[in-house]
Amino acid sequence: MQPERVRLERAACVATLVLNRPEVRNALDSATVAELTRRLRDLDADPRVRVVVLAGEGSCFSAGADLRAMRAMGRVQLEDNLADTRGFVEMLRVLSALSKPTLARVHGASVGGGVGLVACCDIALASDDAYFRLSEVRLGLVPAMVGPYLVEALGPRVARRLMLTAERFDARQAEKWGLVHEVHRRSELLQASDAMVLRLLRGGPGAQAICKDLVREIADAPLDHAIRDRTAVELASQRSSAEGRAGVRAFFQKARPPWAAAGEGNGGCG
């Protein structure tokens, strides 16, 4: 029986998706992309899941595209090539648009499409041995599919440099540029990830989903009347919602809100 290409680990309301092809450094072929897309959609539709963590098995997070599969795709018709690339584009879209908070836990290499996965997640933590590279141009290729998410995470100037030079950069530089939010010792990465998950679980799930939608909408929009009114509507609606009323009531009662458990022992899942 073949091992799962993307392993699902569940702990209360936290789901961890582990890229599980360590023998090829978690390279992303079409079958892996399809499985990851399916699992992300399933988790997004599961009301029991509050946070999704993305990690890699073995020596690294992900070495990016599977070059053997890429070489084979170079010999097929354009239509077949498009079907393959559009599958990857859809996977990135699903990850970026997930309604639940997402956290990338990165160690070792993160190359090409692996960098795209990191950029698509809401929060990224890296070990101090992690490194990143957009190596496509050295192969005569283009990091086109991950490009929009790199520009969003890094800004156009840094994204342009990294796409053009294909240079390798370490976790500390990735933190300075905004690709990752925190860098930890390899031995402390899991603990840091768990601590971040606990912070996320303290927020109302409905409010967090609205935050994600709102950031996407206003990121490149002019600060005009429509956007200002949208922000007013969102807060007013959430204040009037059951979740908003319950959260404010819990604050004044010095109690835990209903989406959090009675104790920290179960990870704060309600």
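User: Which residue does E167 meet in a salt bridge through its side chain?
Analyst: The model is a predicted one. Side chains of opposite charge can pair when their charged atoms come close. Here the N to O distance is 2.9 Å, which is within the 4 Å allowed for a salt bridge. The partner counts as partly exposed, at 42% relative accessibility. The side chain that E167 meets is that of R161.

User: Is D46, which meets R48 in a salt bridge, buried or exposed?
Analyst: The side chains of D46 and R48 meet with 2.9 Å from N to O. On the R48 side the relative accessible area is 58%, and R48 is exposed because the cut-off for that class is over 50%. For D46 the relative accessibility is 11%, and a value under 20% means buried. D46 is therefore classed as buried.

User: How far apart are the closest N and O atoms of R216 and D213?
Analyst: Both residues lie in helix α9, three residues apart, which is about one turn of the helix. R216 is partly exposed at 33% relative accessible area, and D213 is partly exposed at 40%. The two form a salt bridge, and the distance between their closest N and O atoms is 2.6 Å.

User: Which residues are joined into one network by salt bridges that share partners?
Analyst: Salt bridges that share partners make up this network. It holds two glutamates and an arginine, namely E4, E35 and R39.

User: How many salt bridges does a search of the whole structure find?
Analyst: The pairs described above include R216 with D213 and R48 with D46. Another is the pair of E167 and R161. For the whole structure, the search gives a count of 17.

User: In which sense do strands β1 and β2 pair?
Analyst: β1 covers residues 6–11 and β2 covers residues 14–19. They form a hairpin with two residues between them. One bridge partner pair is R10 and A15, the latter in β2. Over six bridges, the sense of the pairing is antiparallel.

User: What is phi of A12, in the loop between β1 and β2?
Analyst: A12 sits in the turn of the hairpin that β1 and β2 form. At 54% relative accessibility A12 counts as exposed, because the cut-off is over 50%. Its phi is positive, in a residue other than glycine, and lies near 55 degrees.

User: Where does R25, with its positive phi, lie?
Analyst: Phi of R25 is near 55 degrees, a positive value in a residue other than glycine. At 36% relative accessibility, R25 counts as partly exposed. Its place in the chain is the loop between β2 and α1 (30–45).

User: Which element supplies the largest share of the lining of the second largest pocket?
Analyst: The second largest pocket has a volume of about 420 Å³ and is lined by 21 residues. At least two lining residues come from each of α4 (113–120), β6 (123–127), α5 (147–154) and α9 (205–218). The largest share is five residues, and the element supplying them is α9.

User: How many residues in the lining of the second largest pocket are nonpolar?
Analyst: C120, C121, D122, E152 and V215 are the lining residues that lie nearest the centre of this pocket. By class, the lining has four polar and four charged residues. The nonpolar residues in the lining number 13.

Definitions and conventions. Residues are numbered from 1 along each chain as its sequence is written. This is a predicted model: local features need pLDDT of at least 70, side-chain atom pairs count only at pLDDT 80 or more; totals for chains, interfaces and linings use all residues. Side-chain values use heavy atoms; hydrogens and water are left out. On a 1 Å grid over the protein atoms alone, a cavity is a set of points where a 1.4 Å probe fits but cannot get out, and a pocket is an open set with protein on both sides within 12 Å along at least five of seven lines; lining residues have an atom within 4 Å of a point. Grid points are joined across faces, edges and corners, and a volume is the space filled by probe spheres set on the points. Helices (H or I, at least four residues) and strands (E, at least two) are DSSP runs, numbered from the N terminus. Ala, Val, Leu, Ile, Met, Phe, Trp, Tyr, Cys and Pro count as nonpolar, Asp, Glu, Lys and Arg as charged, and the others, Gly among them, as polar. Two strands pair if DSSP finds at least two bridges between them. Buried means under 20% relative accessible area, exposed over 50%, partly exposed in between (1.4 Å probe, protein chains only).
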